[in-house]
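Here is a protein model to look around in. Take a moment with the picture, then read on for a short tour.

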Amino acid sequence: MQFIIDFLPLLVALAAYKAGGIYVATIALMILIPMIPLGQKLLGKPVSQIHLWSAVAILVFGSMTLLLRDPRFVMAKPSIVYGAFAIAFLVT
């Protein structure tokens, strides 16, 4: 089940990209990704830190992409999020 939850936003974003381009895919991600930690919270499950920080990052970088009409921001999000987690892992 977790596998489906993790990859559903990616599949929806891919379909949105094919249908309408990078900006439509960015909007789809900005809607779906924050639903994962919200759903975990509503179900009384512990909120995954990776989902929480991914939601924050997609909202920040997605907003920058849409406002500035520059897709590089949303494309840099995975590198920045995973880089931050790698640094946190090394520090601890």
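Let's start with the empty space. The largest pocket in this predicted model has a volume of about 550 Å³. It is lined by 22 residues, and the closest to its centre are Leu10, Leu29, Ile33, Lys77 and Pro78. Which elements give two or more residues to that lining? They are H1, H2, helix H4 (49-68) and H5. Among these, H1 gives the most, with seven residues. How can anyone find a pocket like this? Rolling a probe the size of a water molecule over the atoms shows where empty space is left.

One of the residues closest to the pocket centre, Pro78, deserves a second look. Proline 78 sits in helix H5. Is proline 78 buried, partly exposed or exposed? Its relative accessible area is 35%, so proline 78 counts as partly exposed, a class that runs between the 20% and 50% cut-offs. From the C-alpha of proline 78 to the C-alpha of methionine 1 is 23 Å in space, with their positions 77 residues apart in sequence.

Now for how far you can trust the picture. The protein chain has an average pLDDT of 91, and 100% of the residues reach at least 70. Where is confidence lowest, and where is it highest? The low end is helix H5 (residues 72-91), with a mean of 88, while helix H2 (residues 22-32) is at the top with 95.

Next, the surface. Met1, Phe3, Ile4, Ile5, Phe7, Leu8, Leu10, Leu11 and Val12 make up a nonpolar patch there, and together they have about 910 Å² of accessible area. Leu10 is in this patch, and Leu10 is also one of the residues closest to the centre of the largest pocket. Another patch member, isoleucine 5, belongs to helix H1 (residues 2-20). Isoleucine 5 has 32% relative accessibility, so it counts as partly exposed. Helix H1 is also home to alanine 15, which is partly exposed at 48% because the cut-off for exposed is over 50%.

Let's move to the loop between H4 and H5. Arginine 69 is found in this loop, and its phi is near 55°, a positive value in a residue other than glycine. Arginine 69 is exposed, with 52% relative accessible area. Aspartate 70 is in the loop between H4 and H5 too, but aspartate 70 is buried: its relative accessible area is 16%, and buried means under 20%.

How many salt bridges does the structure hold? There is one. In it, the side chain of aspartate 70 meets that of arginine 72, at 2.8 Å from N to O. Why might two such side chains get together? Side chains of opposite charge can pair when their charged atoms come close. On the arginine side, arginine 72 is exposed, at 60% relative accessibility, whereas aspartate 70 is buried.

Finally, here are some pairs set side by side, with their separation in sequence and in space, C-alpha to C-alpha.

| Pair | Apart in sequence | Apart in space (C-alpha to C-alpha) |
|---|---|---|
| Proline 78 and methionine 1 | 77 residues | 23 Å |
| Aspartate 70 and tyrosine 23 | 47 residues | 9.3 Å |
| Alanine 15 and glycine 83 | 68 residues | 27 Å |

Try finding aspartate 70 and tyrosine 23 in the picture: they are 47 residues apart in sequence, with 9.3 Å from C-alpha to C-alpha.

Definitions and conventions
Residues are numbered from 1 along each chain as its sequence is written. This is a predicted model: local features need pLDDT of at least 70, side-chain atom pairs count only at pLDDT 80 or more; totals for chains, interfaces and linings use all residues. Side-chain values use heavy atoms; hydrogens and water are left out. pLDDT is the predictor's confidence in each residue, from 0 to 100. Helices (H or I, at least four residues) and strands (E, at least two) are DSSP runs, numbered from the N terminus. Patches are made of residues with over 30% relative accessible area and no salt bridge: like charges are joined within 9 Å, nonpolar side chains (Val, Leu, Ile, Met, Phe, Trp, Tyr) within 5 Å. Accessible areas come from the Shrake-Rupley method with a 1.4 Å probe; for residues, only the protein chains shown count as cover. A salt bridge is a side-chain nitrogen of Lys or Arg within 4 Å of a carboxyl oxygen of Asp or Glu. Buried means under 20% relative accessible area, exposed over 50%, partly exposed in between (1.4 Å probe, protein chains only). On a 1 Å grid over the protein atoms alone, a cavity is a set of points where a 1.4 Å probe fits but cannot get out, and a pocket is an open set with protein on both sides within 12 Å along at least five of seven lines; lining residues have an atom within 4 Å of a point. Grid points are joined across faces, edges and corners, and a volume is the space filled by probe spheres set on the points.
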